[in-house]
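Visitor: I'd like a close look at one small part of this protein, then a walk outward from there. Could you pick a residue and take me through its surroundings?

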Amino acid sequence: MPHAAPSPRTRARRLHEKAAYDRAVIDAILDAMPVAHVGHVVDGSPVVIPTLQWREGDRIYWHGSSASRMQKRAAGAQVCVTVTLTDGMVLARSGFEHSVNYRSVMVFGQADVVEGAEAKTAHLRAMMDQLFPGRWDALRPITEQELKATRILSLPLTEASAKISTGHATETPGDESWPVWAGVIPIRLTVGTPEGAPDLVPGMPVPEYARTYRIG
Ligand SMILES: Cc1cc2nc3c(=O)[nH]c(=O)nc-3n(C[C@H](O)[C@H](O)[C@H](O)COP(=O)(O)OP(=O)(O)OC[C@H]3O[C@@H](n4cnc5c(N)ncnc54)[C@H](O)[C@@H]3O)c2cc1C
């Protein structure tokens, strides 16, 4: 479902020219970074929990223990989920104009609970297949008990915004000649060489998805 107009909640006011509402832009950021922060209000106090998210079409999903406070209290509640990629530190000639290059998304809405063993299994498979294509079918099958112990929440991408910041600092006019270094320190996430479990079955090859895993 295309989504190119902001809602009152998602209309960026501060540096609004950096904001985007196109689903292609939003999806690309969500797909590049599985780490999300879920914000919700518990007994009048804000709580923000880091977790993993994945996207399936027009919704994002996150999962956790059915016993987790976040999973219980966020279910059916209004939440705000954010996903952030930090692309660089931006150093200006004045402290005031320092900033960060980033890509971020904020999604607002009511968190829905995924019900039913079949649906839950399908979403867990989708998560695994997005992270590590083909791995689900190679795993010891999930048990009924494990499914019961897992709650999956989801949010439609109907009220979402992206914000992207790139490039060098906007200097205060006249500061350009100030004798201090200015520029961007790029930040890239790198993935290391896979390290097999100490009790790995002998001769088990490192799968393609582990050798080629990328993030960011
Ligand atoms: C890594 C990183 C570092 C940052 N550092 C700073 C900092 O040090 N100081 C600072 O003031 N700001 C910083 N920002 C920008 C910050 O996220 C806000 O965009 C900015 O502070 C404006 O906040 P506001 O409440 O006035 O937004 P408003 O413009 O009032 O927000 C209205 C709506 O715009 C959308 N929106 C706003 N910001 C974002 C966003 N980042 N991503 C997606 N949608 C958004 C949301 O839907 C939000 O509800 C940083 C962002 C990132 C990702």
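Guide: Let's start with a cut-off: a residue is called buried if 20 or more other C-beta atoms lie within 10 Å of its own, exposed if 12 or fewer, and partly exposed in between. Our residue is valine 35, and because it has 13 C-beta neighbours inside 10 Å, it counts as partly exposed. Keep in mind that this is a predicted model.

Valine 35 sits in strand β2, which covers residues 35-42. Leaving aside residues up to four places away in sequence, valine 35 touches Pro50 and Leu52. Tryptophan 54 is another residue to look at: 19 residues along the chain from valine 35, with 8.8 Å between the two C-alpha atoms.

Now follow the chain past β2. Aspartate 43 is in the loop between β2 and β3 (45-52). Its phi is near 50°, a positive value in a residue other than glycine. Most residues other than glycine have a negative phi. Aspartate 43 has 6 other C-beta atoms within 10 Å, so it is exposed. Leucine 15 also has a phi near 50°, again positive in a residue that isn't glycine. You'll find leucine 15 in the segment before β1 (19-20), and it counts as exposed because 11 other C-beta atoms lie within 10 Å.

Just ahead of β2 in the numbering, have a look at helix α1, residues 23-32, whose buried residues are Ile26, Ile29 and Leu30. These three cover an arc of only 100° around the axis, which means they are on the same side of α1. Ala24 and Asp31, on the other side of the helix, are exposed. As for what covers the buried residues of α1, the list includes β4, β5, β6, β7 and β10.

Two of those strands, β4 and β5, belong to an open sheet of four, ordered β4-β5-β9-β8 and paired antiparallel. β4 (54-56) and β8 (112-113) stand at the edges with a single partner strand each, so one side of each has no neighbour in the sheet. Between β5 (residues 59-65) and β9 (residues 150-156), seven bridges join the antiparallel strands. For one example, isoleucine 60 has leucine 155 in β9 as its bridge partner. Helix α3, residues 117-131, lies across β4, β5 and β9, and runs at about 115° to β4.

β6, β7 and β10 turn up again around the ligand. The shell there has 16 residues, and those that come nearest are Thr10, Ala12, Arg14, Ser104 and Lys163. The elements giving two or more residues to this shell are β6 (78-91), β7 (99-110) and β10 (160-165). β7 gives the most, with five residues. By type, the shell splits into seven nonpolar, five polar and four charged residues.

Finally, zoom out to the whole protein. Its secondary structure comes to six helices and eleven strands, and the C-alpha trace spans about 65 × 45 × 35 Å along its principal axes. Of the 216 residues, 17% are buried. Among contacts with a separation of 6 or more, 72% are between residues 24 or more positions apart.

Key:
Residues numbered from 1 in each chain as written. Predicted model: local features only at pLDDT ≥ 70, side-chain atom pairs only at ≥ 80, totals over all residues. Contact = placed C-beta atoms within 7 Å. Near = placed C-beta within 6 Å. Nonpolar A, V, L, I, M, F, W, Y, C, P; charged D, E, K, R; others polar. Pairing = 2+ DSSP bridges. Axes fitted to C-alpha atoms, helices over the stretch in contact; angles between N-to-C directions. Arc of directions from axis to C-beta.
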